[in-house]
Amino acid sequence: MRIGIIGAGALGGTFAALLARAGHDVEVTARGAGLEAIRADGIRLSGGYGEAHVHPAAGERLSVRPDLVLVCTKAQDAAAAITANGAAIDGVPVVVVQNGLDGVATAERLLPKSSCMGLLSIIAANYTEPGTVRVTTTAASYLGRGDGPADDEVRRIAADLSGAVPIVAVANFRGSQWTKLVVNMLNAVPAIVGRSVQDVVDDRELRRVVAASMRECVRVGIARGVRFGSLQGLGDRRLRAFASLPLALGQALPWSMRVRMGNVPNLGSTQQSLRRGQRTEVDFLNGAVVREAEAAGIDAPVNRALTALVHEVEAAGAPLPPERVVAVLADTGA
């Protein structure tokens, strides 16, 4: 297939390398130093999926009309990136590979002729040097749309891509987005304190804050009438049970995720953005929990506080002391 990948960062670079290695004709978009590095020496992938060094066509916009598009930008950049490529891709099937809850709806609004779907990736990858990606955790990714069963097109595209990287067609994609949002609660605290996800979860006090943000996310989802989808051993029954636990017991959830990561430091996508001097997508992660809570007529004080702390790090350009994070539980009464 001719596949266009919009945004060649951690996940975009991973998918570009794996799809090109599998024989697909791949073109990527990138900007600045990332674009220069890819044009000069391609994309180098290492880690969990082995070594790959590929040389896809690269530009600020796609130059040819592809058979399939993967949108792999950060959530806050998606609308501008889709709009910039609209002439080339409207009418082409589009897969939005993105955190948060809004990606597919954004693509549908901007590309009225396209069939749009979402991909939830649990792959962890570090992208701290332009053109170079290291996969620290491998995992299947989950393709779908809406609340119903996976349709024929979703199943076909999942099968087409699975020759390069494991893709599973799933039902109840909206519920799966919420489950992934719970997983993404791992991002904020490491970004605030400047430590790996493993280091944060290994710290009992910081782990309590992570567990509190996850529990609050699940409770907000329940208030919004969500039936959580099944991802990586997490599903509706387990998450609803978790929502009723005290934090002393709830800490088992982030700990179980940490065990799957192994020992190669996982920085998390939010911290990687900070290290590159870029805006983070915290408003589409912890901030999404706050907005959904408001829509349900309830409060989300832990995620509101963590969102504010991430923005404080963005402004200061330096991590904050762990005590600032630990204080969140006392300040919010969680």
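**Exercise 1. A helix on a sheet**

Task: State which strands helix α5 lies across, and at what angle helix α5 runs to β8.

Solution. Step 1: In this predicted model, helix α5 is formed by residues 103-110. Step 2: Helix α5 lies across two strands, β7 (94-97) and β8 (116-121). Step 3: The angle at which α5 runs to β8 is about 155°. Step 4: A second case may be set beside this one. Helix α2, residues 32-41, lies across β2 (25-29) and β5, and runs at about 155° to β5.

**Exercise 2. The sheet of eight strands**

Task: Give the order of the strands in the open sheet of eight strands, and explain why one side of β5 and of β12 is left without a neighbour in the sheet.

Solution. Step 1: The order of this open sheet is β5-β2-β1-β6-β7-β8-β11-β12, and its pairing is mixed. Step 2: The edges are occupied by β5 (57-59) and β12 (167-169). Each of these has a single partner strand, so one side of each has no neighbour in the sheet. Step 3: On average, neighbouring strands of this sheet are turned by 25° against each other, direction ignored. Step 4: One pair may be examined in detail. Strand β1 (residues 2-6) pairs with strand β6 (residues 68-71) in the parallel sense, over four bridges. The bridge partner of I3 in β6 is L68.

**Exercise 3. The sheet of four strands**

Task: Identify the edge strands of the four-stranded open sheet, and describe how β3 pairs with β4 and with β10.

Solution. Step 1: The order of the four strands is β4-β3-β10-β9, with mixed pairing. Step 2: β4 (52-54) and β9 (124-129) are the edge strands, each pairing on one side only. Step 3: The average turn between neighbouring strands of this sheet is 20°, direction ignored. Step 4: Strand β3 (residues 43-47) pairs with β4 in the antiparallel sense over three bridges, and I43 has V54 as its bridge partner in β4. Step 5: β3 and β4 form a hairpin with four residues between them. In the turn, G50 has a positive phi of about 85°. Step 6: β3 and strand β10 (residues 132-137) run parallel and are joined by four bridges. Here R44 stands opposite T132 in β10.

**Exercise 4. Two helices, α10 and α11**

Task: Describe how helix α10 packs with helix α11, and name the residues that make the contact.

Solution. Step 1: Two packed helices are described by the angle between their axes and the distance between the axes. Step 2: For α10 (residues 204-223) and α11 (residues 236-243), the angle is about 115° and the axes are 9 Å apart. Step 3: Angles of 65 to 115 degrees count as roughly perpendicular, and α10 and α11 are therefore roughly perpendicular to each other. Step 4: The crossing of α10 and α11 is left-handed. Step 5: A211, M214, R215, V218, R219 and I222 of α10 make the contact with L239, R240, F242 and A243 of α11. Step 6: By class, the residues of this contact are seven nonpolar, no polar and three charged.

**Exercise 5. Helix α17 and its contacts**

Task: Classify the packing of α17 with α16 and with α10.

Solution. Step 1: Helix α16 (residues 301-316) and helix α17 (residues 322-332) pack at about 150°, with axes 10 Å apart. Step 2: Angles over 145 degrees count as roughly antiparallel, and α16 and α17 are therefore roughly antiparallel to each other. Step 3: Their crossing is right-handed. The contact involves P301, V302, A305, L306, L309 and E312 of α16, together with R324, V325, V328 and T332 of α17. These residues divide into seven nonpolar, one polar and two charged. Step 4: The axes of α10 and α17 come within 9 Å and cross at roughly 50°, which makes α10 oblique to α17. Step 5: α10 passes α17 in a left-handed crossing. E205, L206, R208, V209 and A212 of α10 meet P322, V325, V326 and L329 of α17 in this contact. The contact of α10 with α17 has seven nonpolar, no polar and two charged residues.

**Exercise 6. The annotated domains**

Task: State the helix and strand content of the chain over residues 3-147 and over residues 172-314.

Solution. Step 1: An unreviewed UniProt entry annotates residues 3-147 as "domain: Ketopantoate reductase N-terminal". Over residues 3-147 the chain is 28% helix and 34% strand. Step 2: UniProt lists residues 172-314 for "domain: Ketopantoate reductase C-terminal", also in an unreviewed entry. Over residues 172-314 the chain is 68% helix and 0% strand. Step 3: The end C-alpha atoms are 27 Å apart for residues 3-147 and 35 Å apart for residues 172-314.

Technical notes:
Residues are numbered from 1 along each chain as its sequence is written. This is a predicted model: local features need pLDDT of at least 70, side-chain atom pairs count only at pLDDT 80 or more; totals for chains, interfaces and linings use all residues. Side-chain values use heavy atoms; hydrogens and water are left out. Axes are lines fitted to C-alpha atoms, for helices over the stretch in contact, and angles run from 0 to 180 degrees between N-to-C directions. Angles under 35 degrees count as roughly parallel, over 145 as roughly antiparallel, 65 to 115 as roughly perpendicular and the rest as oblique. A crossing is left-handed if the near helix is turned anticlockwise from the far one by less than a right angle, and right-handed if clockwise. Contact means heavy atoms within 4.5 Å. Ala, Val, Leu, Ile, Met, Phe, Trp, Tyr, Cys and Pro count as nonpolar, Asp, Glu, Lys and Arg as charged, and the others, Gly among them, as polar. UniProt positions are given in the numbering used here, feature names are shortened, and annotations may be inferred rather than shown by experiment. Two strands pair if DSSP finds at least two bridges between them.
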